[in-house]
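Thanks for sharing this one. Below are a few numbered points on the cysteine pairs and on one of the sheets, for you to read alongside the model.

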Amino acid sequence: MGLLLLRIALLSTVFLLSQQQPPLDTGEQEAVYEVLNSLNPTIPWRTLFPDDLCLSAPHGVVCDWDTTQQIAHVVELSFGYVSDETPNPPCSLNATLNPLLFTSFNYLRKLFFYKCFNHTTTPLSLVSLLPSFPPTLEELVFIDNPSLVAPFTHLLSNLTSLRRLVLIGNGFHGEVPRHIGGLVNLEEVTLSRNHLGGEVSPSLAMLKNLKVLDLSENEFEGCVPESLGNLTELLKLDMSYNGFGCKIPESLRNLQKLEFLDLSFNSFGNFGVPLFLGEIPRLKEVYLSGNSLSGKIPEIWENLGGVIKMGFSDMGLVGNIPASMGVYLRNLSYLGLDNNMLEGPVPEEFALLEFADEINLENNNLSGRIPFSNKVGGKLKLGGNRGLCVDNKFRCIQNGGILGQLKPCKKADVPDAVLFNGVSLMLFDPLMLVMSLGLLFVFTGF
């Protein structure tokens, strides 16, 4: 009885909606069927969804109603199965692009493709289709479609309403246009894992509303434009895995809202770790690994207490690890300092990093007693530091593992200072201790 009532309620709701909402434009309805069939002809779309697609449609088809004209239009199209939570229409192995996708939806605000075009031998060219994108488009998202190819410059024409441009793992190539002033509404530009190259245009600095700029894993080269420092709304800047050289721009200190910075695995060299990092107080993640920056780790950590991940691996760093990193970076969950030329002891203050999930100090020239007593398994990576040692009691606590590969500490390996409740106390020799007690007696009368 309860199930019958539920069915009646659902049918009543559909009936009421059909009475209140204008029908979908018939041309758009037919175009949706054609597009779905070109993406996956194995599914009987017309049989499964025979009615108005604004009332009953696959998950990725979204409508909006124009009550003044008494008609509905398709405003979002999302294709490619992502998960059960977002069951978009799945694409078949021989999916193709129907030109109607670019010519029949004049009110489209979002277009999304996920793993729909994976042909390894037959690229799908968009050159003849791209100029037909509707000017209403606000979100363009193509993820992991390697056979989808086009010059990047062709993609941006006529998209003056665009807010999100997300192109990850596709076949787009060429350079970033030097004149993109018409795209001032952009808030996200993610272009990772394509085949883009050349120098990055300084005109990107015109995108004043930009919050995310991700150019990672492409073939860019030359210098990072100083003008990127004008993107003061930026929250994320990722330019990793390219061929950028020169010096990391000092103007990036102006990015006071920046939370994520990844410049790793480029060709920045011989200028040291940028001191301006200490002037970006909202940083949560910073990665510079794989650059030949060289020099010592600077004392810049006092204002960076919010940093939770930091990658400074394989940078040619020399000198000691600053104790201040352990004092101020108390929220660190990941620290990578491996494959450098660091020397001296691991600071006692690193015992304060109680939230660290992984600390990698491998392949340096570190020496002395390790201060960690609560790190286990592979979370603490210390290999390749012949001078490091471990106290026997800590070896027992860790039950071997990575610490079992380190030599046991001798008395000479213990540093002259230990950390006690956040304060360094000098270890006095017997003569100094007697003198100190004598002075105490003189001044106190005890």
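1. A definition to begin with: a disulfide here is a pair of cysteine sulfur atoms within 2.5 Å. Please keep in mind that this is a predicted model. On that footing, Cys 389 and Cys 409 qualify, with an S to S distance of 2.0 Å. The torsion about their S-S bond is about 95°, so this disulfide is right-handed. Cys 389 belongs to strand β23 (residues 387–390) and Cys 409 to the loop between β24 (407–408) and β25 (417–420), so the bond ties together parts 20 residues apart in sequence. Cys 389 is buried, its relative accessible area being 0%.

2. How many disulfides does a search of the whole structure find? The search gives four. With the bonded cysteines of the protein chain numbered in sequence order, they pair as 1-2, 3-4, 5-6, 7-8.

3. One of these bonds is formed by Cys 91 and Cys 116, whose sulfur atoms lie 2.0 Å apart. The S-S torsion of Cys 91 and Cys 116 is about 50°, so here too we have a right-handed disulfide. The pair links distant parts of the chain, 25 residues apart: Cys 91 sits in the loop between β2 (71–79) and α4 (100–103), and Cys 116 in the loop between β3 (110–114) and β4 (124–125). Are these two cysteines buried or exposed? Both Cys 91 and Cys 116 are buried.

4. Cys 223 and Cys 246 make another disulfide, with 1.9 Å from S to S. Its torsion is about -60°, so this bond is left-handed. Cys 223 lies in strand β10 (residues 219–223), while Cys 246 lies in the loop between β12 (243–245) and β13 (260–262), so parts 23 residues apart in sequence are tied together. Cys 223 is partly exposed at a relative accessible area of 39%, and Cys 246 is partly exposed, also with a value of 39%.

5. Strand β23, home of Cys 389, also appears in an open sheet of six strands. The order is β15-β17-β19-β21-β23-β24, and the pairing is parallel. Which strands form the edges? They are β15 (295–296) and β24, each of which pairs on one side only.

6. Within this sheet, β17 (residues 317–319) and β19 (residues 341–344) run parallel and are joined by two bridges. If you would like a place to look, Gly 319 stands opposite Leu 342 in β19. As background, strands of a sheet pair through backbone hydrogen bonds, either parallel or antiparallel.

Technical notes
Residues are numbered from 1 along each chain as its sequence is written. This is a predicted model: local features need pLDDT of at least 70, side-chain atom pairs count only at pLDDT 80 or more; totals for chains, interfaces and linings use all residues. Side-chain values use heavy atoms; hydrogens and water are left out. Helices (H or I, at least four residues) and strands (E, at least two) are DSSP runs, numbered from the N terminus. Buried means under 20% relative accessible area, exposed over 50%, partly exposed in between (1.4 Å probe, protein chains only). Two strands pair if DSSP finds at least two bridges between them.
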